[in-house]
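Hi there,

I'm handing this structure over to you, and my notes on it follow below. Please have a look at it first, then read on.

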Amino acid sequence: MKIIGVEKFGGPEALTVLDVAEPHAGPGEVRIRVHAAAVSPTDTVLRAGGQGTGNLPAVPGMDAAGVIDETDGSGGWQAGDRVMAIALPLGEHRGAYQEFLVAPADSIAHIPAGMDFAEASTLPMNGLTAVQTLEKLGLQPGQSLAVTGAAGTLGNYLVQLAKHAGLVVVADAAEKDRDLVSGLGPDYIVERGDNVAERIREFFPEGVDALADAAVMNDKAAPAVKDGGGFATYRWWQQDPGRGITVHPISVRDDYHSGQKLEALRRLAEDGTLTLRVADRLPAEKASEAHRMLEAGGVRGRLVLLF
Ligand SMILES: NC(=O)c1ccc[n+]([C@@H]2O[C@H](COP(=O)([O-])OP(=O)(O)OC[C@H]3O[C@@H](n4cnc5c(N)ncnc54)[C@H](OP(=O)(O)O)[C@@H]3O)[C@@H](O)[C@H]2O)c1
């Protein structure tokens, strides 16, 4: 089968088309004929060797959508079911950039009705990350959440899920992204950039109850949080911001077996609570080009590789 793998870590050119033996589903697993795999920032980190060496070739990709072609019936799944899945590149089944992906039966969900594989592939990893963020921050309806990187895929889902949970949301946006971010329904929008905390404090003089730092601004964003509030970090920020603020490291790997949460996200995509955005669809062979585009910045919506 075809995979897009990395035999020697490096720049986008390190991604090559390789032919390897097909995997097969074991007990309690399904095999998915992957049709779409989303390209995320973490894929570029893996490709560059930033996640350790592991077994080569490394296969990036944490999101897949396709059709089940092998199953023992675990979880009620049947061959032919159209599903989306989170994949763990460092796990035994490797990442999503492969023609056939084996996944635990409890890690997958149906793709949203009326949406195609590319659209569905944008949801699992970042949707589950946003859910885990809200769970860990533990805010009550009416409390305030600031989201940095709101124009990105994780930021999109954070703003929309937080509004759905009844939170008061302030999102950052560059001038050019204002329409996109305002379409997500935040209560306030502030100009993005290094002084974002100051601008958030203009609306929340005491600070927000919590901040989800999808732009990875760390100490630049933390001053927006009120004393005793919460701060969600997605890239393992290690510092203590002080003032009694709790830093919550978010790790979507902990939600690998959260197929039920993924089904709930599917329903929210179907009823319009969540917007799934595809920036572009590229043949899998153009993975290097997709990584170059992502690393150049400014991509809105997810780039998706088609298999
Ligand atoms: N720990 C976990 O389990 C986990 C799970 C999911 C995601 N993540 C991480 O979360 C982050 C966001 O993921 P994503 O998929 O949403 O990435 P994304 O789609 O690339 O979005 C990131 C957004 O942040 C913006 N941004 C960059 N620098 C900024 C700044 N200084 N101020 C304001 N906005 C800025 C980017 O804009 P430009 O395009 O203009 O640069 C982009 O819109 C990534 O670092 C990802 O690896 C971690």
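With which side chain does the side chain of H291 make a polar contact? The partner is the side chain of R47, at 3.1 Å. Before going further, please keep in mind that this is a predicted model.

**Around H291**

H291 sits in helix α8, which covers residues 287–295. Is H291 buried or exposed? Its relative accessibility is 0%, so H291 counts as buried. If you set aside the neighbours within four places in sequence, H291 touches P12, L15, V39, D43, T44, R47 and Y97. R47 therefore turns up twice for H291: as a contact and, through its side chain, as the polar partner, with H291 itself buried because its relative accessibility is 0%.

**Salt bridges**

How many salt bridges does the structure hold? There are 17, and a few are worth walking through.

Let's begin with E285 and K2, which form a salt bridge with their closest N and O atoms 2.6 Å apart. E285 is in the loop between β14 (278–283) and α8, while K2 is in strand β1 (residues 2–6), so this pair ties together parts that are 283 residues apart in sequence. E285 counts as partly exposed, because its relative accessibility is 45%. K2 is partly exposed as well, with a relative accessible area of 21%.

Next, the side chains of R33 and E99 meet in a salt bridge, at 3.8 Å from N to O. This pair links distant parts of the chain, 66 residues apart: R33 belongs to strand β3 (residues 29–39), and E99 to the loop between β5 (82–86) and β6 (100–104). R33 is partly exposed, with a relative accessible area of 22%. Why does E99 count as buried? Its relative accessible area is 18%, and buried means under 20%.

Then there are D177 and R300, whose side chains meet in a salt bridge at 3.0 Å, N to O. D177 is in the loop between β9 and α5 (178–182), and R300 is in the loop between α8 and β15, so the two tie together parts that are 123 residues apart in sequence. D177 is buried at 5% relative accessibility, whereas R300 is partly exposed, with a relative accessible area of 24%. Finally, E22, R31, D69 and E70 are joined into one network by salt bridges that share partners.

**The largest pocket**

How much space lies in the largest pocket? About 1,300 Å³. Its lining is made up of 50 residues, and those nearest the centre are P41, T42, A214, V216 and R235. At least two lining residues come from each of α1 (41–47), α3 (124–137), α4 (153–164), β9 (168–173) and β15 (302–306). Which of these gives the most? That is α1, with five residues. Sorted by class, the pocket lining has 25 nonpolar, 17 polar and eight charged residues.

**The cavity**

A search of the whole structure turns up one cavity of 30 Å³ or more. About 50 Å³ of space lies in the largest cavity. Its lining consists of A151, G152, T153, N156, Y157, T275, R277 and G301. By class, these divide into two nonpolar, five polar and one charged.

Happy exploring, and best wishes!

Notes:
Residues numbered from 1 in each chain as written. Predicted model: local features only at pLDDT ≥ 70, side-chain atom pairs only at ≥ 80, totals over all residues. Heavy atoms only, no water. Helix = DSSP H or I, 4+ residues; strand = E, 2+ residues; numbered from the N terminus. Buried < 20%, exposed > 50% of the residue type's maximum accessible area, 1.4 Å probe, protein only. Polar contact = N/O pair within 3.5 Å; in protein donor to acceptor, adjacent residues only side chain to side chain. Contact = heavy atoms within 4.5 Å. 1 Å grid on protein atoms, 1.4 Å probe; cavity = no way out; pocket = protein on both sides within 12 Å on 5 of 7 lines; lining within 4 Å. Points joined across faces, edges and corners; volume = space filled by probe spheres on them. Nonpolar A, V, L, I, M, F, W, Y, C, P; charged D, E, K, R; others polar. Salt bridge = Lys/Arg side-chain N within 4 Å of Asp/Glu carboxyl O.
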